[in-house]
Amino acid sequence: MGTGMRMAEYHTIVVGGHSLGLGVAAAVGKGALVLESGSSLGGEYVGAFAPGAGWERTGGRLTADLLERARQTGVLRGGRIACGALGLLLADWAMEQPFCLRYLAQVCCVERRRSGFAVTYADASGLHEAAAERVVDATPETVSRPLAGAGAGRFLRAVVCADAGVVDACAYPGADMSSLPEPGTALLRVAAPPQGGITAAREALLRVWDARPMPLRPWRIGALAFALDVERGPGALALPDGVVAAPSTALGYGNAFAAMDAGWALAREGAAGHAVR
């Protein structure tokens, strides 16, 4: 796709400001461009209301300081993370990094060239083109190559709540529920349709919620996640045209910090770069 505009050049373009991609960008440094379609980072945990696990066992070379900040500020407490506060923590961290980050950047086209890739994206200031030696798609559904996300398990979460004395949250057909630390709160998780975006997933969740059993009728929805929880098979995937699909959930990392450390190692060891050559 040619737009006639001057093309900025980078070593690596990361599609999606998700955890593993942030680790890749941090390792590359000034030569990296991160294109995040939303307004927050770590969406596969923050936006999907995914609490993660094993937070206290993380804190590698990249995220040791982040882990300590999370503890000191109460973002991480008792082994549990506050998803909303995690997004703010990641945003502050990203501002300290040398890579270039664009929020509200929608990728329009990723085109393979003789010596790398050309990426066209749109943001609030207009349409842009950028060239890179490699492209790493860190989004859960591989948005730059939609067919690569086929077969992924898709789920949506919601925070549900009830007054004191109401029956405890419990799973029922079509829905998983798990209690949260705050009394009278729980996470509801429902399978999303194989096709369609967040709107279709929310409609499916609301249908399942409307069919909840009588003991759960006093419960109500407090907040709906604004990102899907996507499960895929293990391992980063080098696509035929050289784009590397590396969503955090594909590699089985239980939390954002572990995924960021993995992204750092992936870039430092040259695994992603080798895959696109």
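Helices here are DSSP runs of H or I with at least four residues, strands are DSSP runs of E with at least two, and both are numbered from the N terminus. Keep that in mind for the first stop. What you have open is a predicted model, where local features need pLDDT of at least 70, side-chain atom pairs count only at pLDDT 80 or more, and totals for chains, interfaces and linings use all residues. Residues are numbered from 1 along each chain as its sequence is written, and side-chain values use heavy atoms, with hydrogens and water left out.

**Stop 1: Leu104**

Select Leu104, in the loop between β5 (100-102) and β6. Check its backbone: phi is positive, about 50°, although Leu104 is not a glycine.

**Stop 2: β6, β7 and β8**

Now show residues 106-113 as β6; this strand pairs with β7 in the antiparallel sense over seven bridges. Two strands count as paired if DSSP finds at least two bridges between them. Follow the hairpin that joins β6 to β7 through two residues. To see the register, pick Arg113, which stands opposite Gly116 in β7, then Glu111, which stands opposite Ala118 in β7.

How many of the eight residues of β7 are buried? Colour 116-123 by accessibility and you should find seven, so the strand is mostly covered. The scale used is relative accessible area with a 1.4 Å probe on protein chains only: buried is under 20%, exposed is over 50%, and partly exposed is in between.

Carry on to β8 (residues 126-137), which pairs with β7 in the antiparallel sense over seven bridges. These two strands also form a hairpin, with two residues between them. Tyr121 stands opposite His128 in β8.

**Stop 3: charges over rings**

While you are here, pick Arg112 and Phe117: the arginine lies over the face of the ring, at 4.7 Å from the ring centre. The test for a charge over a ring is NZ of Lys or CZ of Arg within 6 Å of the ring centre and within 35 degrees of the ring normal. Next, jump to Arg189, whose charged end sits over the ring of Phe155, 3.7 Å from its centre.

Keep Arg189 selected and add Ala171. The two are 18 residues apart in sequence and 9.3 Å apart in space, C-alpha to C-alpha. Ala171 is in the loop between β9 (153-161) and β10 (176-179), and its 49% relative accessibility makes it partly exposed.

**Stop 4: aromatic pairs**

Show the rings of Phe, Tyr and Trp. Searching the whole structure gives four aromatic pairs. Rings pair if their centres lie within 6.5 Å, using the six-membered ring for Trp; planes under 30 degrees apart count as stacked, over 60 as edge-to-face, and the rest as tilted.

Start with Phe49 and Phe226: the centres are 6.5 Å apart and the planes are at 90°, so this pair is edge-to-face. Which parts of the chain does the pair link? Distant ones, 177 residues apart: Phe49 is in the loop between β2 (32-35) and α2 (64-73), and Phe226 is in the loop between β12 (220-224) and β13 (229-231). Phe49 counts as buried, at 14% relative accessibility. Its phi is worth a look too, near 60° and so positive in a residue other than glycine.

Then go to Trp93 and Phe99, a tilted pair with 6.0 Å centre to centre and 55° between the planes. Both rings belong to buried residues, with relative accessibility at 4% for Trp93 and 6% for Phe99. Finish with Tyr45, Trp55 and Phe257, which form one aromatic cluster.

**Stop 5: the second largest pocket**

Last, select Ile81, Ala82, Cys83, Leu180 and Glu182, the closest to the centre of the second largest pocket among its 18 lining residues. About 380 Å³ of space lies in this pocket. A pocket is found on a 1 Å grid over the protein atoms alone, as an open set of points where a 1.4 Å probe fits, with protein on both sides within 12 Å along at least five of seven lines; lining residues have an atom within 4 Å of a point. Points are joined across faces, edges and corners, and the volume is the space filled by probe spheres set on them.

Which elements give two or more residues to this lining? Highlight β4 (80-81), α3 (83-95) and β11 (185-191). By class, the lining has twelve nonpolar, three polar and three charged residues, where Ala, Val, Leu, Ile, Met, Phe, Trp, Tyr, Cys and Pro count as nonpolar, Asp, Glu, Lys and Arg as charged, and the others, Gly among them, as polar.
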